[in-house]
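Colleague: I am new to this structure and would like a close look at a single part of it. Please take one helix and work outward from there.

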Amino acid sequence: MPDVERDTGGKPVLIFPGGMPRSLDYLRKCRSEGVAAIGASSLDYDVASTQYPNWIQLPYVNHPEFDAALAKAIRELGVGGIYSPNPVVWNHLHAVLDTLAPGVRLVNDSPIDDALAGFRAARARARELLDHPLPVTVDRPGKPAVDEVELAAMFRHAEVIPGMCDREKSCALHEIARHCVAGDLVEIGSWWGKSAFLLARLARLYDIGNLLCVDPWSNEHLVQDDATGIVDSGSAMVDAGEALAVFEMNLLPYSANHVNYLRLPSTDGATYYRSRRCVTTPRFGSVAYEGRIALLHIDGNHAQAAVNADVAAWSGLVARGGWIVLDDYMWPFGDGPRRAGDAFLAERGSEVETAFTMGGALFIRMA
Ligand SMILES: C[S@@+](CC[C@H](N)C(=O)[O-])C[C@H]1O[C@@H](n2cnc3c(N)ncnc32)[C@H](O)[C@@H]1O
């Protein structure tokens with residue numbers, strides 16, 4: 001049974017106040033589930049009224065006649081449940097609804113709990129990571145971890161950026177950032193900027209260096225020739241130009257002078273990086289780089305030839321004590337990253353201090 005219908009016993013749901021953005025989201029949900037919705041407002045004229053099939057006016061919630069008017073509306077319209085994203089209205093209904101209209105439920109949880117849920121989860125995650133740091137085995141102790149709220153802020157903001165960087169991997173990135181030498185951070189493959197945001201923030205928190213993102217943001221470069229074609233057919237439906245705009249929207253507010261990008265395939269980006277120390281783009285301005293890499297995150301095209309090319313073009317620029325992170329080393333759609341990672345470990349194992357996998361990624365620290 002659809003959610004709303006279950007909450008209201010198949011009767012109409014009253015949405016009050018009907019004009020708040022989350023009310024309108026809920027109205028859409030009612031429509032898609034075929035449940036009748038009645039909008040309500042205390043305003044004399046509410047522009048949202050035209051969006052509802054049925055609309056009523058109620059007194060303000062603090063008006064002495066509110067409870068009686070609501071009880072009457074519930075009775076006359078056969079309302080089965082009420083949705084309210086307004087904390088004052090919700091709290092009042094939570095206190096009186098049982099008495100006013102037994103059997104009629106508030107169909108949503110407390111709007112305050114709802115608004116804070118993501119922040120609370122991020123704090124809990126930060127606390128958990130601080131209490132149980134991942135055991136990264138390197139010779140020297142890392143920098144002291146930042147405090148719970150700083151870490152939670154990073155997790156919280158990363159959470160709202162869509163993309164492909166799971167929680168395990170972001171915890172591991174935090175841990176290696178504490179054990180990172182100074183230098184540039186380079187990301188091959190940034191798309192909407194989820195992992196780039198994490199790297200940019202970690203670079204600040206642990207004073208590592210500036211972040212350079214290298215990505216062509218072109219549909220042509222999304223083709224990976226995966227065995228079943230399922231990845232490529234999904235990629236064909238996205239707009240790489242739009243992805244760059246989304247990347248900028250996600251990174252710009254946090255980037256002041258320490259993040260920039262090259263809209264180039266990784267091999268051309270490496271040629272640029274080897275010969276120049278400054279990157280300028282219209283929105284991010286000019287950012288200076290050191291020319292030695294403290295943290296290299298490879299998350300570009302996953303076809304084996306492409307990952308090999310990324311490793312060949314960039315790994316030689318990683319500083320001693322620097323990290324290489326090869327994303328999707330364990331990947332259900334192909335083995336390009338795994339083969340490239342294994343080949344790197346076979347060829348350059350003697351220069352590697354430690355290597356481990358977490359969240360599907362291979363983490364390598366150069367000796
Ligand atoms: C898996 S996505 C990156 C996901 C991103 N790191 C995140 O956190 O969500 C792969 C990206 O690699 C980029 N890419 C493809 N070919 C590339 C190449 N030759 N050099 C650099 N990036 C490339 C694509 O444009 C795409 O943005």
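Modeller: Helix H8 is a suitable part, and its length can be checked. The model is a predicted one. The 12 residues of H8 should span 16 Å at 1.5 Å a residue, and its end C-alpha atoms lie 17 Å apart, so the two figures agree.

H8 is mostly covered, with 11 of its 12 residues buried. The buried residues are Lys194, Ser195, Ala196, Phe197, Leu198, Leu199, Ala200, Arg201, Leu202, Ala203 and Arg204. Just after the helix, Asp207 takes a positive phi of about 50°. Most residues other than glycine have a negative phi.

One residue of H8 also belongs to the surroundings of the ligand. Ser195 is among the closest residues there, together with Gly163, Gly189, Trp191 and Gly300. In total, 23 residues surround the ligand. By class, this shell holds 12 nonpolar, 8 polar and 3 charged residues.

The helix also has a part in the nonpolar interior. The largest nonpolar core has 69 residues, and those with the most contacts inside it are Leu199, Leu211, Leu212, Leu295 and Leu296. H8, residues 194-205, gives the most to this core, with 7 residues. Apart from it lies another core, of 23 residues, with Phe16, Ile82, Trp90 and Leu93 among them.

Phe16, from that other core, is joined to Pro17 by a cis peptide bond, with omega about -5°. Most peptide bonds are trans. Pro17 lies in the loop between strand E1 (13-15) and helix H2 (21-33).

Back in the largest core, Leu295 leads from H8 to other parts of the chain. Leaving aside neighbours within four places in sequence, Leu295 is in contact with Leu199 of H8, and also with Cys180, Leu185, Ile208, Gly322 and Trp323. Trp323 is found in strand E12, residues 318-326. Trp323 counts as buried because it has 26 C-beta neighbours inside 10 Å, where 20 or more are needed. With neighbours within four places in sequence again left out, the contacts of Trp323 are Ile176, Cys180, Leu295, Phe363, Ile364 and Arg365. Of these, Phe363 is 40 residues from Trp323 in sequence, while their C-alpha atoms are 7.0 Å apart in space.

Ile176, a contact of Trp323, is also touched by Val136. Val136 is found in the loop between H5 and H6. Val136 has 18 C-beta neighbours inside 10 Å and therefore counts as partly exposed. Not counting residues up to four places away in sequence, Val136 touches Glu175, Ile176 and His179. Val136 and His179 are 43 residues apart in sequence, and 8.5 Å separates their C-alpha atoms.

The loop that holds Val136 begins after H5, a helix of 21 residues, 111-131. At 1.5 Å a residue H5 should span 30 Å, and its end C-alpha atoms are 30 Å apart, so this agrees as well. H5 nevertheless has a kink of about 45°, centred on Ala117. Ala122, Ala126 and Leu129 are buried in H5. An α-helix has 3.6 residues a turn, so residues three or four places apart point the same way. The cover over the buried residues of H5 includes helix H6 (148-159) and helix H7 (167-178).

Helix H12, residues 304-314, can be set beside these two helices. Its buried residues are Ala306, Val307, Asp310, Val311, Ala313 and Trp314. Among the elements that cover them are strand E6 (184-188), helix H11 (266-275), strand E11 (293-298) and helix H13 (336-348).

Two loop residues complete the picture, and both are non-glycine residues with a positive phi. Trp217 has a phi of about 40° and sits in the loop between strand E7 (211-214) and helix H9 (230-235). Trp217 has 22 C-beta neighbours inside 10 Å and so counts as buried. Asn257 has a phi of about 65° and sits in the loop between helix H10 (240-251) and strand E8 (259-262). Asn257 counts as exposed because it has 11 C-beta neighbours inside 10 Å.

Notes: Residues numbered from 1 in each chain as written. Predicted model: local features only at pLDDT ≥ 70, side-chain atom pairs only at ≥ 80, totals over all residues. Near = placed C-beta within 6 Å. Nonpolar A, V, L, I, M, F, W, Y, C, P; charged D, E, K, R; others polar. Expected span 1.5 Å × (residues − 1). Bend = angle between axes of the 7 residues up to and from the residue. Contact = placed C-beta atoms within 7 Å. Core = buried A, V, L, I, M, F, W, Y, C linked by C-beta atoms within 7 Å.
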